[in-house]
Amino acid sequence: MVWLKMLMEISLPKMGELLVMMMTIQQRRERMNRQINERLRTLIDIPPDLLGQRVPALILQPLVENAVKHGLGCSSGGLKITITASQAENRLQLSVDNVSDAGEVLPMVKRSGLGVGLANVEERVKARFPEGGSLIAGPVSPAHFRVTVTMPLRAPVADRLADAAIDTAPMVTA
């Protein structure tokens, strides 16, 4: 409410300056969104039998954000982000690939280990699945970076709900 009081106490000339500044910010935001939409393509490749798989919160979202941030931020051309899911025995593998289509090399930071965002996701995966969760990240080629998260395959959401309904149903005896 303090900001509302401050806004009401601004003189008319200052109000005009504030409105011009707000319009300029909005125009820049719209321009940036158009540029991102023109440069960014996405593909989601998940087999139908894996669509019901549950993935813990804050696993996939930060990987996609990381791909956009580092892919678009480090390339003057377009970027294709692909999210794939696959099953290997009793494990779910989720991959996020970012590929620059500008024919330029994505700059890879030389460091031992992961950046903060990827390290945080790795910690979440290992904490949630200590028996076999993992995160592997690295360049596939000079213009292609991939992050793969592996976790135990779990019953799809619909199956778990059905099982819960059966487990809580009253027993009928004759």
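**Exercise 1. Placing Ser95**

In which strand is Ser95 found? Determine also whether Ser95 is buried or exposed, and identify the partner of its side chain in a polar contact.

*Solution.* The structure is a predicted model.
- Step 1. Ser95 belongs to strand 3, which covers residues 91-100.
- Step 2. The relative accessible area of Ser95 is 10%. Because buried means under 20%, Ser95 is buried.
- Step 3. A polar contact of 2.9 Å joins the side chain of Ser95 to the side chain of Thr148.
- Step 4. With residues up to four places away in sequence set aside, Ser95 touches Thr82, Ile83, Thr84, Arg146, Val147 and Thr148.

**Exercise 2. Two salt bridges**

How many salt bridges does a search of the whole structure find? For each pair, state the N to O distance and the accessibility of both partners.

*Solution.*
- Step 1. The search of the whole structure yields 2 salt bridges.
- Step 2. One is formed by the side chains of Asp97 and Arg146, at 2.7 Å from N to O. This pair connects distant parts of the chain, since Asp97 lies in strand 3 and Arg146 in strand 5, 49 residues apart.
- Step 3. Asp97 counts as buried at 8% relative accessibility, whereas Arg146 counts as partly exposed at 33%.
- Step 4. Lys126 forms a salt bridge with Glu122, where the closest N and O atoms are 3.5 Å apart. Both residues lie in helix 4, and because they are 4 residues apart, about one helical turn separates them. In general, an α-helix has 3.6 residues a turn, so residues three or four places apart point the same way.
- Step 5. Lys126 is partly exposed with a relative accessible area of 44%, and Glu122 is partly exposed at 22%.

**Exercise 3. Helix 3 and the nonpolar core**

Compare the span of helix 3 with its expected value, then establish which elements give two or more residues to the largest nonpolar core.

*Solution.*
- Step 1. Helix 3 comprises 14 residues, 60-73. From first C-alpha to last it reaches 20 Å, close to the 20 Å expected at 1.5 Å a residue.
- Step 2. The buried residues of this helix are Pro62, Leu63, Asn66, Ala67, Gly71 and Leu72.
- Step 3. The largest nonpolar core contains 21 residues, and Leu63, Val149 and Met151 have the most contacts inside it. Two or more residues of this core come from each of helix 3, strand 2 (79-88), strand 3, helix 4 (116-128) and strand 5 (144-152).
- Step 4. Apart from neighbours within four places in sequence, Met151 is in contact with ten residues' worth of partners listed here in full: Val55, Pro56, Ile59, Asn90, Arg91, Leu92, Leu94, Phe129, Gly132 and Gly133.

**Exercise 4. Ser86 and the chain as a whole**

Locate Ser86 and give its C-alpha distance to Thr150; then describe the order of the elements along the chain.

*Solution.*
- Step 1. Ser86 lies in strand 2 and counts as partly exposed at 31% relative accessibility.
- Step 2. Ser86 and Thr150 are 64 residues apart in sequence, and their C-alpha atoms are 9.6 Å apart in space.
- Step 3. Beyond neighbours within four places in sequence, the contacts of Ser86 are Leu50, Arg91, Leu92 and Gln93.
- Step 4. The chain has 5 helices and 5 strands, in the order α-α-β-α-β-β-α-β-β-α from the N terminus.
- Step 5. Among contacts with a separation of 6 or more, 65% involve residues 24 or more positions apart.
- Step 6. Of the 174 residues, 25% count as buried. The accessible surface comes to about 12,100 Å², and 61% of it belongs to carbon and sulfur atoms.

Notes:
Residues are numbered from 1 along each chain as its sequence is written. This is a predicted model: local features need pLDDT of at least 70, side-chain atom pairs count only at pLDDT 80 or more; totals for chains, interfaces and linings use all residues. Side-chain values use heavy atoms; hydrogens and water are left out. Buried means under 20% relative accessible area, exposed over 50%, partly exposed in between (1.4 Å probe, protein chains only). A polar contact is a pair of N or O atoms within 3.5 Å; within protein, one must be able to donate a hydrogen and the other to accept it, and residues adjacent in sequence count only if both atoms are side-chain atoms. Contact means heavy atoms within 4.5 Å. The expected span of a helix is 1.5 Å times one less than its number of residues. A nonpolar core is a set of buried Ala, Val, Leu, Ile, Met, Phe, Trp, Tyr and Cys residues joined through side-chain atoms within 4.5 Å. Accessible areas come from the Shrake-Rupley method with a 1.4 Å probe; for residues, only the protein chains shown count as cover. A salt bridge is a side-chain nitrogen of Lys or Arg within 4 Å of a carboxyl oxygen of Asp or Glu.
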